[in-house]
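User: I would like a close look at one part of this model. Please keep it simple, as I am new to this.

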Amino acid sequence: MSTAATAPASGFDALRAEVRAYVESEGERWAELIEREHRAPPELWDELRDRGYLRLAAPAEYGGAGVPFTRYLELLELFSMSHASLRMIVHVCNGIWRPMDSHANDDQRERFIKPVIAGEIKVAFTLTEPTAGSGADMRCSVVREGDTYHLSGEKHLITFGTIADYLLTFARVEGTRGAEGTVALMVPTRGEGVDAREMAETMGVRGTDHGHIVFDRAPVPVSDRLGQEGQGLDIALSGFLGPSRISLATTCVGLAQRALDLAVGYAQGRETFGRKIAERQAIAFRLAEMATDVEAARRLVMHAASTWEQTGHAPMQAAMAKLFASEMLQRVTDGALQVHGGIGYWATSPIERVYRDARAQRFEEGTAEIQKTTIARDLLRNR
Ligand SMILES: Cc1cc2nc3c(=O)[nH]c(=O)nc-3n(C[C@H](O)[C@H](O)[C@H](O)COP(=O)(O)OP(=O)(O)OC[C@H]3O[C@@H](n4cnc5c(N)ncnc54)[C@H](O)[C@@H]3O)c2cc1C
């Protein structure tokens, strides 16, 4: 497979064309199967892995394709036009290694990071709790006895939380508060003291499993802790404050573009009162506004991505990109459904799934309120 890192520009163009063709052909076939069977089968994972799509963004020295971040986002935008479960697999696998790598030692890089990039193991990002806020509020806790932690507590809404081999779990040393004493642990999903159960079906993102996990003094070797005690929250948030949020914002742009394309196609075909509805100014202006919204988000996301690529630090830009792109996605999918008229509300219409899938992206990688908190903190600090 060509990669942008190793090939001239034409090599990347070929890769982008290949991904576009995949999304439009195989991607559509998988989407149909996932919606029908309500599951994203292991064969889909295998196909994405074998095509090299799960290691695009990882560095070449770890076995990745080494596609530069901004170029990877161009590909992620295309994947996001496909079924949400396919987008989720590509997004998570191309990103999960990054927070792990920030604090891993060489032994952990061999045991966890290289295998996850090679697609030999799956890792689920395990932060959200049913009884606490995400972040310094977390209640999952560990007690250390010799070289072993015993982990107790509950997590939920965890993407791939039942099918993953490891849960990248964030907890705190019992008795600590705030960021102090937080730890990041690699916990085997099917290990002793871990009960991971699939949650009820979601509104959209059909076929992706989400786990509710209970830890009951689950033993975890201290050698499977990434970083030091007190660095757990740093590891959890390091991705959120940059590449992960920017990637999620890109997925919003991709899905919004898909909604816009569907709306344009429908408006050009549907005739009422003797004219195509696209010829009515009310509809044409709506489409124009939607296209402008998508393009504005795309530019903001790319600005955040290049800032992060150049400086390694873009918390405010990442939060702005995620905030704007996820709210844009709601406006655009809502407008696209409206352009379809009543038939768009039926499951036989492709916009119906796009509309359902889009709603999830307002929660993933933090809500609007959390993005605004980050932006306001930076804004007020800088003044
Ligand atoms: C499809 C999907 C996949 C997900 N995958 C994962 C995953 O893989 N791993 C994982 O760890 N989590 C995952 N999540 C969880 C997601 O990250 C959270 O839902 C999100 O961060 C919001 O947290 P919460 O659900 O606990 O909401 P809550 O914290 O209960 O918030 C409820 C509401 O109150 C607001 N709010 C909360 N606190 C504040 C505050 N301090 N100030 C102002 N407003 C506030 C929120 O913005 C929200 O509107 C997933 C969620 C979805 C929908």
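Which of the 18 residues around the ligand come nearest?

Analyst: This is a predicted model. Leu-127, Thr-128, Thr-159, Thr-367 and Glu-369 come nearest to the ligand, out of 18 residues around it. Three elements each give two or more residues to this shell: strand 1 (123–126), strand 3 (148–159) and helix 13 (368–382). By class, the shell has 9 nonpolar residues, 7 polar ones and 2 charged ones.

Now place the ligand among the domains. Domain 2 (123–229) gives residues to the shell, and so does domain 3 (241–382). The ligand therefore lies between these two domains.

Stay with strand 3, since one of its residues shows how the chain folds back. Ser-152 lies in this strand. Count its C-beta neighbours inside 10 Å and you get 18. To be buried, a residue needs 20 or more, and to be exposed, 12 or fewer. Ser-152 therefore counts as partly exposed. Cys-140 is 12 residues from Ser-152 in sequence, yet their C-alpha atoms are 5.8 Å apart in space. Leave aside the neighbours of Ser-152 within four places in sequence. Its contacts are then Ser-141, Phe-215, Asp-216 and Arg-217.

Next, follow the chain into the loop between strand 3 and strand 4 (166–173), where Phe-160 sits. Most residues other than glycine have a negative phi. Phe-160 is not a glycine, but its phi is positive, about 65°. Is Phe-160 buried or exposed? It has 25 other C-beta atoms within 10 Å, so it is buried.

Compare that with His-38. Its phi is also positive, near 60°, and His-38 is a residue other than glycine. His-38 is in a loop too, the one between helix 2 (26–37) and helix 3 (42–50). Its surroundings give another result: His-38 has 10 C-beta neighbours inside 10 Å, so it counts as exposed.

Last, a word on confidence. The chain averages a pLDDT of 95. A score of at least 70 is reached by 98% of the residues. Residues 1–7 are a weak spot, with pLDDT under 50. The model does have 24 contacts beyond four places in sequence for residues 1–7. Where pLDDT is low, though, the predicted coordinates should not be read in detail.

Notes:
Residues numbered from 1 in each chain as written. Predicted model: local features only at pLDDT ≥ 70, side-chain atom pairs only at ≥ 80, totals over all residues. Near = placed C-beta within 6 Å. Helix = DSSP H or I, 4+ residues; strand = E, 2+ residues; numbered from the N terminus. Nonpolar A, V, L, I, M, F, W, Y, C, P; charged D, E, K, R; others polar. Domains from an automatic or database assignment. pLDDT = per-residue confidence, 0-100. Contact = placed C-beta atoms within 7 Å.
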